[in-house]
Structures are given as C-alpha cells and as structure tokens.
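Trainee: I would like a close look at one part of this model, followed outward to whatever surrounds it. Please give the cut-off behind each term as it arises.

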Amino acid sequence: MADQGGVAQVWRRIRSIYNIQGNHCTTCDTYYFPPRLVCPKCRRKGKLEDYRFKGLGTVYTFAIVRQAPQDFKRQVPYVVAQVQLDEGPRLTAQIVNCEPSSVHIGMRVRACFRKITEYGHGGIIVYGYKFEPTMRVTGHD
Ligand code: ZN
C-alpha cells in the first residue's frame, strides 16, 4: 500500500483513455464483452457496432483468494468476482477498495483502473479494469 499516492496520479492521467470496449448487436439489442465478430443469435442478420460499457454493474458471484501467484502476494486476500454489467454481459474482475468480507452477491460496483503488476524495477506496468463499490467515495473526482 506504500505506493498508493503515485499510483493515484497515474490513474487520473490514464482515466481519460480507459474504457471497457465491447460491442452491441442493433438487430437483437444484445451487448457483448469481449466483442464478438458475429452475433451468435442473429448470425448474418446481425449488425454489430462498437460499444463502450458504462462500467456499472452488480456482483454476480465472487471468491475470496487467499493464495496467489508471486506477483500478487502483497494483495492477498483479494476478491475476484463475476460482475454483471448493467448492459448484460458478465466479466471477471478483482473487487477493490473494500474489505473482502463486505463483498456480497448483488453489490453495486463500478469499474476503476488499477495497476495489476509491475515487471522489474521501473519496468512495464500492466493496468486493467477492476471494480469498486459504488458507495465508496474515492476523493479525487
Ligand atoms: Zn443479434
């Protein structure tokens, strides 16, 4: 947790380009994440257009992870959940900014950007979406 300040600065810079990109079939009004090449319901009749998800959803299922690969050790225990986006699709993501014991099915969450891991000293930083409770005020918006 010692690097929270620096990481917060990066989040703010990168937030403008952050999104969860999927697509939407305008024929049957179904949203897909990850994006599909062909709508499995409509096949050739489907018309897919790019769609940026709003990043709001609900915890569908979750697990508390107490043993983790080396790179993640500092974060144990952490919560991995299937989040059902408001538009319909589900994705797997870590739930952050709350106590693991407070996570529950049906909890409202929103996407946020977090550092996942860093390779070497001053090396490549990998970012990805994670989710946090919508009730939590993080202070910098
Ligand atoms: Zn379709």
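Mentor: At 38% relative accessibility, R90 is partly exposed, a class lying between buried (under 20% relative accessible area) and exposed (over 50%), computed with a 1.4 Å probe on protein chains only. The model is a predicted one, in which local features require pLDDT of at least 70 and side-chain atom pairs require pLDDT 80 or more, while totals for chains, interfaces and linings use all residues. Residues are numbered from 1 along each chain as its sequence is written, and side-chain values rest on heavy atoms, with hydrogens and water left out.

R90 belongs to strand β6; helices (H or I, at least four residues) and strands (E, at least two) are DSSP runs numbered from the N terminus. If residues up to four places away in sequence are set aside, R90 touches F33, Y60, Q82, V83 and Q84, where a contact means heavy atoms within 4.5 Å. With Y60 there is also a side-chain to side-chain polar contact of 3.3 Å. That term denotes a pair of N or O atoms within 3.5 Å; within protein, one must be able to donate a hydrogen and the other to accept it, and residues adjacent in sequence count only if both atoms are side-chain atoms.

Strand β6 covers residues 90-95 and also holds Q94. Whereas R90 is partly exposed, Q94 is buried, with 11% relative accessibility. The side chain of Q94 makes a polar contact of 3.1 Å with the side chain of K130. Beyond its neighbours within four places in sequence, Q94 is in contact with Q75, Y78, V79, V80, K130 and F131. Strand β8, which spans residues 125-133, includes Y129. Y129 is partly exposed at 26%, and its C-alpha lies 5.7 Å from that of C112, 17 residues away in sequence.

From R90 the path also leads to F33: these two residues stand 57 positions apart along the chain, yet their C-alpha atoms are separated by 7.4 Å. The peptide bond from F33 to P34 is cis, with omega near -5°, and P34 sits in the loop between β2 (30-32) and β3 (48-53). The loop between β2 and β3 also contains R43, which has a positive phi of about 50° although it is not a glycine. R43 is exposed, at 59% relative accessible area. D29 has a positive phi as well, near 60°; it is found in the loop between β1 (20-25) and β2 and is exposed at 52%. As background, most residues other than glycine have a negative phi, and most peptide bonds are trans.

This part of the sequence also supplies the zinc site. The protein donors are the SG atoms of C25, C28, C39 and C42, at 2.2 to 2.3 Å from the zinc ion. Donors are N, O and S atoms within 2.8 Å of the metal (3.2 Å for Na, K and Ca), and water is not among the atoms, so sites may look incomplete. Along the sequence, the donor residues follow the spacing C-x2-C-x10-C-x2-C. Angles of 103 to 114° among the four donor atoms make the site tetrahedral, a label given to four donors when all angles lie between 85 and 135 degrees. The ideal angle for four tetrahedral donors is 109.5 degrees. Among the donor residues, C39 is buried at 1%, C42 at 14% and C25 at 0%.

No disulfide is found in a search of the whole structure; the term requires a pair of cysteine sulfur atoms within 2.5 Å. C112, for instance, is in no disulfide, and its nearest cysteine sulfur, that of C98, is 9.8 Å away. C112 is buried, with a relative accessible area of 8%.

Finally, the setting of these parts. The protein chain has one helix and eight strands, in the order α-β-β-β-β-β-β-β-β. Of its 141 residues, 35% count as buried. Among contacts with a separation of 6 or more, 48% come from residues 24 or more positions apart. The chain exposes about 9300 Å², of which carbon and sulfur atoms supply 53%; such areas come from the Shrake-Rupley method with a 1.4 Å probe, and for residues only the protein chains shown count as cover.

Note on methods. Four donors count as tetrahedral if all angles lie between 85 and 135 degrees; four count as square planar and six as octahedral if opposite donors are over 155 degrees apart and all others between 65 and 115; anything else is irregular.
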